[in-house]
Amino acid sequence: MSSPTIRAAFDLVGVTLPLTAIHPIRQVKPTDFAWGKYRAIVASIREVGVIEPLVVHPQKGTRGAYFLMDGHMRLKALQELGRVEAFCLIATDDDPFTYNDRVNRLSLIQEHAMLMRAVDQGVTPAQIAKALDIDVGKISSNLNLLDGIHPDAVEL
């Protein structure tokens, strides 16, 4: 019995596109700006650039135009920051729901591990706080999250 062929979800090579060629499939609502996540996205892009590329799909019948499948708030943040282009992944399917459906949120311990790794590599808590547009005290608290907890309990 042969194995089923599995198609890649993206072209293997991304592409840098002008923001004017990217057309959102939904509008970012004013209420989306009211919560801290949007401000964190803007701060992160300003400090370190786009970490997670936009996901686009070619618009049928219009050469050089793309529908934005994932990254609506990142696109809005790039526009707010005056950027004119962005690195994008080209989706092989025009299903916009799969991307957000497959997102896994980080647990506190995973977030702690990522922050510890960044600090071990020389990034200061102040730099992390600035990139995420949050108080440095929150970063410091997270760095101390597992202090006094037995390693076996952490592993569980």
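**Helix α2**

Select helix α2, residues 72-80, in this predicted model. Its buried residues are H72, M73, R74, L75, A77 and L78. Now show what lies over them: the cover includes strands β2 (22-24), β3 (54-58), β4 (66-70) and β5 (85-90), together with helix α1 (36-48). Just past the helix, click on G82, which follows α2 and has a positive phi, near 80 degrees.

**H72, in α2**

Stay in α2 and pick H72. Is H72 buried or exposed? Its relative accessibility is 7%, so H72 counts as buried, the cut-off being under 20%. Draw a distance from the side chain of H72 to the backbone nitrogen of I25; it comes to 3.2 Å. Then display the contacts of H72, leaving out neighbours within four places in sequence: they are P24, I25, R26 and V28.

**I45, in α1**

Go next to helix α1 and select I45. I45 has a relative accessibility of 4% and therefore counts as buried. Which residues does I45 touch, when those up to four places away in sequence are not counted? They are V50, R74, A77, L78, L81 and R83. Three of these names, R74, A77 and L78, should be on screen already, as they belong to the buried set of α2. For a longer view, label A129 as well: I45 and A129 are 84 residues apart along the chain, and their C-alpha atoms are separated by 13 Å.

**V55, in β3**

Strand β3 was part of the cover over α2. Select V55, which has its place in that strand. With a relative accessible area of 4%, V55 is buried. Add D70 and set a C-alpha to C-alpha distance between D70 and V55: the two are 5.0 Å apart in space and 15 residues apart in sequence.

**α1 against α5**

Return to α1 and show α5 (125-132) with it. Two packed helices are described by the angle between their axes and the distance between the axes. For α1 and α5 the angle is about 120 degrees and the axes are 6 Å apart. The two helices are therefore oblique to each other. To see the contact, show the side chains of A40, A43, S44 and E47 on α1, and of K130, A131 and L132 on α5. Coloured by class, the residues of this contact divide into four nonpolar, one polar and two charged.

**α4 against α6**

Now select helix α4 (residues 108-120) and helix α6 (residues 136-143). They pack at an angle of about 105 degrees, with 9 Å between their axes. That angle makes α4 roughly perpendicular to α6. From α4, the residues that meet α6 are L108, E111, H112, L115, M116 and V119; from α6, the residues are I139, N142 and L143. By class, this contact has six nonpolar residues, two polar and one charged.

**α6 on its own**

Keep α6 and turn it end-on. Which residues of α6 are buried? They are I139, N142 and L143. Looking down the axis of α6, these buried residues fall within an arc of 100 degrees, so they line one face of the helix. An α-helix has 3.6 residues a turn, so residues three or four places apart point the same way. The buried residues of α6 pack against α4 and also against α5.

Pick N142 from this set; it is in helix α6. N142 has a relative accessibility of 9% and so counts as buried. Its contacts, not counting residues up to four places away in sequence, are L108, E111, H112 and L115. Each of these four names is also in the α4 list for the contact with α6.

Finish with the start of α6. There, a side-chain oxygen of D135 reaches to within 2.8 Å of the backbone nitrogen of G137.

**P151, in α7**

The last stop is helix α7 (residues 151-155), where P151 lies. Is P151 buried or exposed? At 58% relative accessibility, P151 counts as exposed, because the cut-off for that class is over 50%. Zoom out and add V28, one of the contacts of H72. From C-alpha to C-alpha, P151 and V28 are 43 Å apart in space, and 123 residues apart in sequence.

How values were computed. Residues numbered from 1 in each chain as written. Predicted model: local features only at pLDDT ≥ 70, side-chain atom pairs only at ≥ 80, totals over all residues. Heavy atoms only, no water. Axes fitted to C-alpha atoms, helices over the stretch in contact; angles between N-to-C directions. Parallel < 35°, antiparallel > 145°, perpendicular 65-115°, else oblique. Contact = heavy atoms within 4.5 Å. Nonpolar A, V, L, I, M, F, W, Y, C, P; charged D, E, K, R; others polar. Buried < 20%, exposed > 50% of the residue type's maximum accessible area, 1.4 Å probe, protein only. Arc of directions from axis to C-beta. Polar contact = N/O pair within 3.5 Å; in protein donor to acceptor, adjacent residues only side chain to side chain.
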